[in-house]
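Work through the exercises below with the sequence and the structure at hand. Each task is followed by a solution in steps.

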Amino acid sequence: MRNSNMRFISFLAAGSMLAACNGNRQPAADKQATVTDTVAVFILQPDTARKNVELPAELIPYEQAALYARVQGFVKTMKADLGDQVKKGQTLAVIEAPEVNSRFAESEASLQSAKAKWASSRDQYDRLQRASRAQTPGIVAPVDLERSRQQMLADSATFEAARRQSQAYKAVSGYLYITAPFDGVITARHADPGALVGTDAMLFHIQNTKTLRLRAAVPEIYVNTTGALKEISFRVDAYPTQVFKAEATRKSGAIDPATRTELWEFKVDNSQRLLKAGAFAYVKIGMERQGPSFVVPPGSIATTQEKKFVIRVKDGKAQWVDVRQGMVTEKGIEVFGDLKAADTLLVKGTDERKPGTEAFWKVKH
C-alpha cells in the first residue's frame with residue numbers, strides 16, 4: 001500500500017515539472033514566430049520622372065484648298081492636271097460664260113456714257129461760274145448757276161454708280177479664271193473642257209506640301225511634362241530606317257473631352273518632297289516632370305476596388321497612404337500623395353498587410 005502511494009506522488013511531481021517546462025517555452029516560441037516575419041522596405045527619395053513617349057501622329061498640308069467655279073458656265077480650258085506643281089496666281093482653268101462677258105461690256109458702255117455726261121455738265125458749270133464772276137453784273141442769273149451745279153452733281157453721282165457697277169462686273173468676269181491661291185501641287189482634278197459647271201462644282205484640290213504640319217494627340221497626363229519643347233523626331237512607314245525632325249510650333253490649349261488629349265502641332269520642312277501629306281507617323285517626345293516627384297517600384301502600389309495606396313512604416317507599424325499614379329517610367333511609377341522624402345515604404349504592397357501590423361522591417365538596398 002505504501003509503495004502504491006509513493007508511485008502516485010512521484011507521477012504527480014513529474015507531471016507538474018513537465019507542465020512548468022512547457023509553460024516556460026511557450027512565450028519564447030511566440031516571440032520567435034514574431035521575429036521571423038521579415039518584410040522588405042525601401043527609403044523613399046525624390047526623383048525627376050522622365051521618359052520617352054512614342055505617339056501616333058498625322059502629316060497634313062501646311063495649306064490646302066478646294067477650288068470651285070464661282071459662276072455657272074462651261075469649262076473652256078484646263079491648264080493644270082493631277083500632280084502638277086503650280087505657282088501662286090497661275091491660271092489653272094478658264095470658264096466660258098457669254099452672259100457674264102455681255103454684262104461686263106454693257107457696264108463699260110454705261111460707264112463711258114455716264115462719264116461723258118458728267119464731263120459735259122461739269123464743263124458747263126465751270127463756264128457759268130467764271131461768267132458770274134465777271135465785272136458786268138447780271139450776265140448769269142444765280143438760279144441758272146445753281147441749276148447747273150445741281151445737274152453737275154447729279155451727273156457725277158450717276159458716273160460714280162456706273163463706275164462701281166463696272167468694277168463689280170469686272171470682278172465677276174475675273175471669276176471665269178481659276179487661279180492658284182498659293183504655291184503647291186494639284187492633288188485632284190474633277191472637270192474636263194466642255195463640262196458644265198456651277199458654283200457647287202469643285203474643279204481642283206491644291207496642297208502646299210513644301211511645308212507640312214505634324215499633329216499628335218497627347219494624353220492629358222503628359223500635357224505639362226515637356227517644358228520648353230523645341231524639336232522632336234518622328235518616323236513614317238515609307239522610310240522605316242530614316243528619322244525625321246520637326247519643330248514644335250503650337251498647342252491647341254484645350255483638352256478634347258472625347259479623347260482626353262491635347263492637340264500638338266509641329267512644323268516639318270519637306271522641301272525635298274520625301275514626305276506625303278496624309279501619311280501616318282510616329283512621334284517620339286521626351287517627357288519630363290517639371291520639379292521633383294516620387295517614383296516607386298510598381299509592386300509597391302496596392303490596388304483595391306476603392307483606391308490605390310502604398311504602405312508606409314511609421315513608428316514601427318504599417319500605415320496605408322492613398323496615392324495617385326503619374327507617369328510610368330523605366331525606374332518605376334510616379335506617385336502623388338501624402339508622402340515625403342525619407343519615408344519607409346514596403347517593396348511589396350498588398351491589402352493583406354493591415355494598418356497597425358508590426359514586423360521586422362528590412363531595408364532593401
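**Exercise 1. A sheet and its edges**

Which residue of β9 stands opposite G73? Place the pair in its sheet.

Solution. The model is a predicted one.

Step 1. G73 faces V197 of β9.

Step 2. G73 falls in strand β4, which covers residues 73-78 and pairs with β9 in the antiparallel sense over two bridges.

Step 3. The sheet that holds these strands is open and has four strands, in the order β7-β6-β4-β9, with antiparallel pairing.

Step 4. The edges are β7 (177-179) and β9 (196-197); each has a single partner strand, so one side of each is left without a neighbour in the sheet. As background, the strands of a sheet pair through backbone hydrogen bonds, and the pairing is either parallel or antiparallel.

**Exercise 2. Aromatic pairs on β11 and β12**

Classify the ring pair F234 and F244: how far apart are the centres, and at what angle do the planes lie? Then add Y239.

Solution.

Step 1. Five aromatic pairs turn up when the whole structure is searched.

Step 2. For F234 and F244 the ring centres are 5.6 Å apart and the planes are at 25 degrees; planes under 30 degrees apart count as stacked, so this pair is stacked.

Step 3. F234 belongs to strand β11 (residues 231-236) and F244 to strand β12 (residues 239-251), so the pair ties together parts that are ten residues apart in sequence.

Step 4. Both F234 and F244 are buried.

Step 5. The rings of Y239 and F244 have centres 5.9 Å apart and planes at 70 degrees, so this second pair is edge-to-face.

Step 6. F244 has a relative accessible area of 10% and is buried, whereas Y239, with 27%, is partly exposed. The cut-off for buried is under 20%.

Step 7. F234, Y239 and F244 together form one aromatic cluster.

**Exercise 3. The strands around the cluster**

Through how many residues does the hairpin join β11 to β12? Follow the pairing on to β13.

Solution.

Step 1. Two residues make up the hairpin connection from β11 to β12.

Step 2. Five bridges pair β11 with β12, in the antiparallel sense. In one part of this pairing, E231 has E247 of β12 as its bridge partner.

Step 3. β12 is also joined to strand β13 (residues 261-269), by four bridges, and these two strands run antiparallel.

Step 4. K251 has W264 of β13 as its bridge partner. K251 also lies over the face of W264, at 4.2 Å from the ring centre.

Step 5. For another case of a charged residue over a ring, look at R213, which lies over the face of Y62 at 4.2 Å from the ring centre.

**Exercise 4. A threonine in a loop**

Is T225 buried or exposed? List what surrounds T225.

Solution.

Step 1. T225 sits in the loop between β10 (202-219) and β11.

Step 2. The relative accessibility of T225 is 0%, and the residue therefore counts as buried.

Step 3. A polar atom of the T225 side chain is 2.7 Å from the backbone oxygen of Y222.

Step 4. With neighbours within four places in sequence left aside, the contacts of T225 are G286, M287, E288, R289, Q290 and M327.

**Exercise 5. Backbone angles and a helix residue**

What is the phi of D315, and in which loop is D315 found? Compare the setting of A342, then locate Y169.

Solution.

Step 1. D315 is not a glycine, yet has a positive phi of about 55 degrees.

Step 2. D315 is in the loop between β17 (308-314) and β18 (317-328). The relative accessible area of D315 is 73%, in the exposed class.

Step 3. A342, also not a glycine, has a positive phi of about 80 degrees. A342 is in the loop between β19 (333-337) and β20 (344-346).

Step 4. Y169 is in helix α3 (residues 142-174), and is partly exposed at 24% relative accessible area.

Step 5. Y169 and E106 are 63 residues apart along the chain, and their C-alpha atoms are separated by 9.4 Å.

**Exercise 6. The chain as a whole**

How many helices and strands are there in the protein chain? Add the figures for burial, contacts and surface.

Solution.

Step 1. The protein chain has three helices and 21 strands.

Step 2. Of the 365 residues in the protein chain, 33% are buried.

Step 3. Among contacts in the chain with a separation of 6 or more, 76% are between residues 24 or more positions apart.

Step 4. The accessible surface of the chain is about 22,700 Å², and 52% of that surface belongs to carbon and sulfur atoms.

How values were computed: Residues are numbered from 1 along each chain as its sequence is written. Side-chain values use heavy atoms; hydrogens and water are left out. Rings of Phe, Tyr and Trp (its six-membered ring) pair if their centres lie within 6.5 Å; planes under 30 degrees apart count as stacked, over 60 as edge-to-face and the rest as tilted. Buried means under 20% relative accessible area, exposed over 50%, partly exposed in between (1.4 Å probe, protein chains only). A charge sits over a ring if NZ of Lys or CZ of Arg is within 6 Å of the ring centre and within 35 degrees of the ring normal. Contact means heavy atoms within 4.5 Å. Accessible areas come from the Shrake-Rupley method with a 1.4 Å probe; for residues, only the protein chains shown count as cover. Two strands pair if DSSP finds at least two bridges between them. A polar contact is a pair of N or O atoms within 3.5 Å; within protein, one must be able to donate a hydrogen and the other to accept it, and residues adjacent in sequence count only if both atoms are side-chain atoms.
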